[in-house]
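This report covers a ligand and its surroundings in a protein model. The sequence and structure come first, followed by the contacts and the pocket.

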Amino acid sequence: MSIRLKPLKGDASVEPEESSSESAGANEPPLVAVVMGSTSDWETMRHAAEVLQQFGVPHECAVVSAHRTPRWMSEFAEGAEGRGLEVIIAGAGGAAHLPGMVAAQTCVPVLGVPVKSKALKGLDSLLSIVQMPAGIPVGTLAIGPSGATNAALLAVAVLANTRPELREKLRRFREEQTAKVRESTLPT
Ligand code: RP5
C-alpha cells in the first residue's frame with residue numbers, strides 16, 4: 001500500500017497535491033487510516049504516517065474534509081469498519097469538525113490531532129476536537145506534530161493488544177528511547 005493523499009471526489013474547490021511513496025505493509029489492507037481536512041495538514045500528519053511506517057503497520061493517508069467534502073467524509077467513515085480499519089487518526093485545524101464527524105459515523109476508534117492554526121495557534125483546533133459531548137468519543141492528542149506522532153503510537157498500542165510482534169516492537173521502541181535519553185549529554 002502506498003501513502004497517498006487522495007484527490008477529493010467531485011470537489012473542484014480543492015486541489016490537493018498528490019504525493020506517494022513506498023509504505024509499510026505494501027499490498028496489505030490498511031489497519032489504520034490517517035485522514036486530514038486539507039493538504040495543508042500533511043506537514044503535521046506526516047508524522048503519524050512516518051511512525052506507522054516505522055512500525056510496519058499497513059495504513060492509508062487521505063484528505064477528507066468535513067465541510068468541503070461532507071459526503072465523501074460520510075462514505076469514508078461508514079465504509080471504515082467493512083474495509084478492516086481498526087483505528088482512524090483524524091487531523092484538522094480551526095473549526096475542526098472532522099474527527100468528531102467521522103467518529104459519529106463509525107464505531108472504529110477515532111484519534112483526533114489538532115493541527116496548529118495560523119489565527120489561534122491550534123487552540124481552536126484543540127477545543128473543537130477535545131470537547132465532544134458525551135456519547136461519541138474522540139481520543140484527542142496534543143496540538144501539532146507531537147500529537148500526530150503520539151496518535152500513531154497509540155494506534156500501534158491498540159493494534160498491539162492482539163499482535164504480540166507489534167507489542168514487542170513497541171517495547172523495543174520505548175527501550176531505545178530510554179537509552180537515548182540516558183546517553184544524552186548537554187553541551188558544555
Ligand atoms: C481545516 O481547515 C483543515 O483541517 C485545515 O487545518 C484548515 C485550513 O485548511 P486550508 O485552508 O489550508 O485548506 O479544514
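## Polar contacts to the ligand

In this predicted model, an oxygen atom of the ligand lies 3.0 Å from a backbone N or O atom of Gly93. Of the 360 Å² of accessible area that the ligand has on its own, the protein covers 68%.

Two serine side chains also take part. A polar side-chain atom of Ser38 is 2.6 Å from an oxygen atom of the ligand. For Ser40, an N or O atom in the side chain lies 2.6 Å from an oxygen atom of the ligand.

## Residues around the ligand

The shell around the ligand consists of Gly37, Ser38, Ser40, Asp41, His67, Arg68, Ala92 and Gly93. By class, this shell has five polar residues, two charged and one nonpolar. Ala92 is the nonpolar member, while Asp41 and Arg68 are the charged ones.

## The pocket

Where does the ligand sit? The ligand occupies a place in the largest pocket, which holds about 290 Å³ of space.

The lining of the largest pocket comprises 19 residues. Nearest its centre are Ser38, Ser40, Asp41, Gly93 and Gly94. Divided by class, the lining has nine polar, six nonpolar and four charged residues. Ser38, Ser40 and Gly93, which lie nearest the pocket centre, also appear among the residues around the ligand.

Technical notes
Residues are numbered from 1 along each chain as its sequence is written. This is a predicted model: local features need pLDDT of at least 70, side-chain atom pairs count only at pLDDT 80 or more; totals for chains, interfaces and linings use all residues. Side-chain values use heavy atoms; hydrogens and water are left out. On a 1 Å grid over the protein atoms alone, a cavity is a set of points where a 1.4 Å probe fits but cannot get out, and a pocket is an open set with protein on both sides within 12 Å along at least five of seven lines; lining residues have an atom within 4 Å of a point. Grid points are joined across faces, edges and corners, and a volume is the space filled by probe spheres set on the points. A residue is near a molecule or strand if one of its heavy atoms lies within 4 Å of it. A polar contact is a pair of N or O atoms within 3.5 Å; within protein, one must be able to donate a hydrogen and the other to accept it, and residues adjacent in sequence count only if both atoms are side-chain atoms. Accessible areas come from the Shrake-Rupley method with a 1.4 Å probe; for residues, only the protein chains shown count as cover. A molecule sits in a cavity or pocket if more than half of its atoms lie within 2 Å of its grid points.
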